[in-house]
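Q: I am new to this structure and would like a close look at a single part, namely its second largest pocket. What lines this pocket, and which elements contribute to the lining?

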Amino acid sequence: MSNLPQLNTEIIWAILKEEIDDATVNQLVWKCLGYRYDSTTQKWDNQQVSAEWRDEYPQPPDFIESRPATVKLTRSIPPENKQLLKEKLGFKGYKIGEFGPRQTRRATAANWLLSYMQQNTDDIDSM
């Protein structure tokens, strides 16, 4: 996880346009949730993960493959941040017939990451 791209709106767009692979999308979310991989023990350290995530997912879930994990991710976005992709980036969604569960889950991850940025960055409005 040490070679992850810096989280910014360009990366959010790259997620939506599928220019970043699913593994990197997952790793970005895991990092923001607090999961850390210890290469020495070859185990996940979840001490920085909130109890609500750590109790249900002691190891980081695959958000692209797991519907329940993605539902939990969606529910963890504050109501005022649910439309950030549209409000901040002008994302209009995918066209009917051009998306499936994978794209929907990537969009959820992108929106969650944008919400994370909104809550943890002072200058998201200038992005």
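A: The helix that gives the most to the lining of the second largest pocket is α6, which supplies 5 residues. This description rests on a predicted model, in which the second largest pocket has a volume of about 230 Å³. Its lining is made up of Leu33, Ser50, Glu52, Trp53, Ser76, Ile77, Pro78, Trp112, Ser115, Tyr116, Gln119 and Asn120. Beside α6, the element α3, which spans residues 51–54, also gives two or more residues to this lining. Sorted by class, the residues around the second largest pocket comprise 6 that are nonpolar, 5 that are polar and 1 that is charged.

For context, it helps to set this part beside the largest pocket, which holds about 310 Å³ of space. The largest pocket is lined by 15 residues, and those closest to its centre are Lys82, Leu85, Phe91, Ala107 and Asn111. Two or more lining residues come from each of α5, covering residues 84–89, and α6, covering residues 101–120. Here, too, α6 provides the largest share, in this case 4 residues of the lining. The class make-up of the largest pocket's lining is 6 nonpolar, 6 polar and 3 charged residues.

Taken together, α6 is the leading contributor to the lining of the second largest pocket and likewise to that of the largest pocket.

Conventions: Residues are numbered from 1 along each chain as its sequence is written. This is a predicted model: local features need pLDDT of at least 70, side-chain atom pairs count only at pLDDT 80 or more; totals for chains, interfaces and linings use all residues. Side-chain values use heavy atoms; hydrogens and water are left out. On a 1 Å grid over the protein atoms alone, a cavity is a set of points where a 1.4 Å probe fits but cannot get out, and a pocket is an open set with protein on both sides within 12 Å along at least five of seven lines; lining residues have an atom within 4 Å of a point. Grid points are joined across faces, edges and corners, and a volume is the space filled by probe spheres set on the points. Ala, Val, Leu, Ile, Met, Phe, Trp, Tyr, Cys and Pro count as nonpolar, Asp, Glu, Lys and Arg as charged, and the others, Gly among them, as polar.
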